[in-house]
Amino acid sequence: MSIAQNLENIHKEVASIATNCGRQPEEIQIVAVSKRFPSEAIEQAYKAGQMLFGENYIQEAEKKIAELDNKPLFHFIGHLQRNKAKTAARLFDCIETVDSFKLAKSLNGHLEREGRVLKILLQVNIGKDPKKAGTTEQETEKLLQEIKQLPHLRAVGLMTMPPLTDAPEEARPYFRNLRMLSERLTSKGLFDSDHKVELSMGMSGDYPIAIEEGATIIRIGTAIFGTRSY
Ligand SMILES: *Cc1c(COP(=O)(O)O)cnc(C)c1O
């Protein structure tokens, strides 16, 4: 199957799942996760209409973005080290994985020098998984309050990776908990008021369930580009 066909199938799936649970398909954005695939794969997806991509590694993303003829939007979805914050602040439209005030402050400083404002999501470790990055539910509120003081960052929502499970259905309670957390934080006015609140959750194996639980951003790699070779 080609990248274009895979994208078409996913769009159909997303539309049918959304409609079945009373949502509008347009509420759900697909981030095409192109990590470990070459810039040619990004070009192919772009030609098929995909405008938004996700990358996990700063150096890899920097190289690939420089190779592209077109300029799609990129979300950063990997673990961001502070010594890469400067490059990240320049390359990405949104950083989905902010999980500390130190990192947020560092990004804000670089953005100030670039004269840019950047959307961010807070990565929440909703399953308290020792193997995963992210804030605890309790820390999330405090961190959002602190980030409100940083003029070059706009916190627009939450992102999570649930613990790895055998069955996609097992991810449902984590997705639901992230949505409930975001609703509590929204009612406290902690997200940027000029933007709709985003929930980034769901990958190739479990995005139907994430959509049923309120995802507005799904991050799809394998189902678009195929299996990663490393
Ligand atoms: C790799 C990755 C994805 C995509 O995973 P697939 O299972 O290939 O769809 C989504 N989110 C994050 C944070 C990732 O690292």
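This is a guided tour of one protein chain, moving from the whole fold to its cores, its pockets and a few single residues.

**The whole chain**

Begin with the full chain in view, and keep in mind that this is a predicted model. If you colour the chain by secondary structure, you will find nine helices and eight strands. The radius of gyration is 17 Å, close to the 17 Å that the globule rule gives for 230 residues, so the chain is as compact as a globular protein of that length. Turn the C-alpha trace along its principal axes, and its span comes to about 45 × 40 × 35 Å. Of the 230 residues in the chain, 51% are buried. Among the contacts with a separation of 6 or more, 61% are between residues that stand 24 or more positions apart.

**The nonpolar cores**

In soluble globular proteins, nonpolar side chains tend to be buried together. To see this chain's own example, select Ile95, Leu107 and Ile147, which touch the most other members of the largest nonpolar core, a set of 62 residues. Then select helix α1, since α1 gives the most to this core, with six residues.

Stay with Ile95 and show what surrounds it: leaving aside neighbours within four places in sequence, Ile95 is in contact with Phe76, Leu80, Ala88, Leu107, Leu118, Lys119, Ile120 and Leu121. A second, separate core has nine residues, including Val31, Ile77, Leu121 and Met159.

**The largest pocket**

Rolling a probe the size of a water molecule over the atoms shows where empty space is left. In the largest pocket, that space amounts to about 810 Å³. To find the pocket, select Lys35, Lys132, Met161, Leu164 and Met203, which are the closest to its centre among the 33 residues of the lining. If you colour the lining of this largest pocket by class, it divides into 14 nonpolar, ten polar and nine charged residues.

**The second largest pocket**

Next, select His11, Gln29, Ile30, Gly49 and Gln50, which lie nearest the centre of the second largest pocket, out of the 15 residues that line it. About 230 Å³ of space lies in this pocket. Which elements supply at least two residues each to the lining of the second largest pocket? Helix α1 (3-20) and strand β1 (29-33) each do so, and α1 gives the most to this lining, with five residues. By class, the lining of the second largest pocket has ten nonpolar, four polar and one charged residues.

**Two buried residues in strands**

Select Phe53, which has its place in strand β2 (residues 52-55). Is Phe53 buried or exposed? Its relative accessible area is 0%, so Phe53 is buried. Draw a distance from the C-alpha atom of Phe53 to that of Ser34, 19 residues apart along the chain, and the separation is 6.5 Å. Beyond four places in sequence, the contacts of Phe53 include Val31, Ala32, Ser34, Ile42, Tyr46, Phe74 and Phe225.

Move on to Gln123, which is in strand β5 (residues 118-123). Gln123 has a relative accessible area of 8%, and it is therefore buried. Not counting residues up to four places away in sequence, Gln123 touches several residues, among them Glu96, Asp99, Ala133, Thr135, Met159 and Met161.

**Three residues in loops**

Now select Arg36, in the loop between β1 and α2 (39-47). Arg36 has a positive phi of about 65° although it is not a glycine. With a relative accessible area of 27%, Arg36 is partly exposed.

Lys128, in the loop between β5 and α6 (137-147), likewise has a positive phi, near 50°, in a residue other than glycine. At 65% relative accessibility, Lys128 counts as exposed, because exposed means over 50%.

End the tour at Thr216, in the loop between α8 (207-212) and β8 (217-220). Although Thr216 lies in a loop, it is buried, with a relative accessible area of 9%. The C-alpha atoms of Thr216 and Gly157 are 9.8 Å apart, while along the chain these two residues are separated by 59 residues. Leaving aside neighbours within four places in sequence, the contacts of Thr216 include Arg23, Glu27, Ile28, Gln29, Lys196 and Leu199.

Conventions. Residues numbered from 1 in each chain as written. Predicted model: local features only at pLDDT ≥ 70, side-chain atom pairs only at ≥ 80, totals over all residues. Heavy atoms only, no water. 1 Å grid on protein atoms, 1.4 Å probe; cavity = no way out; pocket = protein on both sides within 12 Å on 5 of 7 lines; lining within 4 Å. Points joined across faces, edges and corners; volume = space filled by probe spheres on them. Nonpolar A, V, L, I, M, F, W, Y, C, P; charged D, E, K, R; others polar. Helix = DSSP H or I, 4+ residues; strand = E, 2+ residues; numbered from the N terminus. Core = buried A, V, L, I, M, F, W, Y, C linked by side-chain atoms within 4.5 Å. Buried < 20%, exposed > 50% of the residue type's maximum accessible area, 1.4 Å probe, protein only. Contact = heavy atoms within 4.5 Å. Rg over C-alpha atoms; globule rule 2.2 N^0.38 Å.
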